[in-house]
Amino acid sequence: MAYILHLESSTSICSVALAKDGQLVDLQESSEGQNHARLLSVFAGDLLSRNGLRAEQLDAIAVSEGPGSYTGLRIGVSLAKGLCYVNELPLIAVSPLQAMADQLLQRREELKLTLTDNSLLVPMIDARRMEVYTASYDCQNREISPVAAEIIDHDSFAAVLKDKQLFFFGNGAAKCSPVIDSPNAHFVEGIHTSAQFMCRLAWKAYQNKQFVDLAYFEPFYLKDFIAGKPRKNILTS
């Protein structure tokens, strides 16, 4: 019996889940916005407390590795590393894009989706303006194209859409639906990042002892953080 605590902070959703042997035990999350610094550790403590566990009784910590929000990822990984160091626990890194793909596969009947060997799953995380972080997966959740930052226009995915049914989802997909107009493009609503859908991937990694090095692991930011320039004060111009 193994307990894993899952931390998801790659988007505006702050989410923590507790699982036993890969099965969800408890979940606490908020979609109020960028409150990770205030809520993530509180949610983790609440879940452990109401399930009668102490951090040292856990068997591993799983954290969303990115890409996504620079600040959110930094907060999530910092908390995960702290819990692992103090309690001598292994750390598991989970892709939020692959976790969203796993969510779609788990919810395919509920969402009334017909998936075939000709289908590709394309989760998307909003990267501002017309850019998204994305990758593609087959219906066994195997990576087909690696994680990349893509600027969306009318030609995006055009070559693949000639032969494949593509299912787009995640908080970056909404900006793409007015632009990508192929009949093979399908946009699925209601899929978002959530720690509960990290559980199966983290459990598989735990069983295979696929842990990251605590000393060297960093979030997968994909792009360098660039601080915005302050606006010019027009009153002094």
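## Two sheets, a pocket and a stacked ring pair

A search of the whole structure finds 5 aromatic pairs. One of them is a good place to begin: Phe168 and Phe187 have ring centres 5.1 Å apart and planes at 20 degrees, so the pair is stacked, since planes under 30 degrees apart count as such. Phe168 belongs to strand 9 and Phe187 to strand 10, so the two rings tie together parts that are 19 residues apart in sequence. Please keep in mind as you look around that this is a predicted model.

Those two strands lead us into the sheet around them. Strand 9 (residues 165-169) and strand 10 run parallel and are joined by 3 bridges. To see how they line up, find Leu166, which stands opposite Ala185 in strand 10. Helix 3 (residues 96-106) packs on this sheet, where it touches strand 6 (119-126), strand 7 (131-137), strand 8 and strand 9. The direction of helix 3 makes about 130 degrees with that of strand 6.

Stepping back to view the whole sheet, you will find 5 strands in the order 8-7-6-9-10, forming an open sheet with mixed pairing. Its edges are strand 8 (143-151) and strand 10 (185-187); each has a single partner strand, so one side of each is left without a neighbour in the sheet. On average, neighbouring strands here are turned by 20 degrees against each other, direction ignored.

Now turn to the other sheet. Here 5 strands in the order 3-2-1-4-5 form an open sheet, and the pairing is again mixed. Strand 3 and strand 5 stand at its edges with a single partner strand each, so one side of each lacks a neighbour in the sheet. From one strand to the next, the twist averages 20 degrees.

Both senses of pairing can be found in this sheet. Strand 2 (residues 14-20) and strand 3 (residues 23-30) are antiparallel and share 7 bridges, with Leu18 opposite Asp26 in strand 3. These two strands form a hairpin with 2 residues between them, and Asp21 in the turn has a positive phi of about 50 degrees. Strand 4 and strand 5, on the other hand, pair in the parallel sense over 4 bridges; there, Ile61 stands opposite Leu91 in strand 5.

The loops deserve a visit too. Most residues other than glycine have a negative phi, and most peptide bonds are trans. With that in mind, look at the loop between strand 4 (60-64) and helix 2 (70-87), which holds Pro67. A cis peptide bond joins Gly66 and Pro67, with omega at about 10 degrees. Then follow the chain to the loop between helix 2 and strand 5, where Glu88 sits. Glu88 is not a glycine, yet its phi is positive, at about 55 degrees.

Our last stop is the second largest pocket, which has a volume of about 340 Å³. Its lining is made up of 15 residues, and the closest to the pocket centre are Gln98, Leu201, Lys204, Ala205 and Gln210. Strand 5 (91-94), helix 3 and helix 5 (199-207) are the elements that give two or more residues to this lining. Helix 5 gives the most, with 4 residues. What is the make-up of the lining by class? There are 5 nonpolar, 5 polar and 5 charged residues. Helix 3 thus appears twice on our tour: it packs on the sheet that includes strand 6, and it also contributes to the lining of the second largest pocket.

How values were computed. Residues numbered from 1 in each chain as written. Predicted model: local features only at pLDDT ≥ 70, side-chain atom pairs only at ≥ 80, totals over all residues. Heavy atoms only, no water. Pairing = 2+ DSSP bridges. Axes fitted to C-alpha atoms, helices over the stretch in contact; angles between N-to-C directions. Contact = heavy atoms within 4.5 Å. 1 Å grid on protein atoms, 1.4 Å probe; cavity = no way out; pocket = protein on both sides within 12 Å on 5 of 7 lines; lining within 4 Å. Points joined across faces, edges and corners; volume = space filled by probe spheres on them. Nonpolar A, V, L, I, M, F, W, Y, C, P; charged D, E, K, R; others polar. Phe/Tyr/Trp six-rings, centres within 6.5 Å; stacked < 30°, edge-to-face > 60°.
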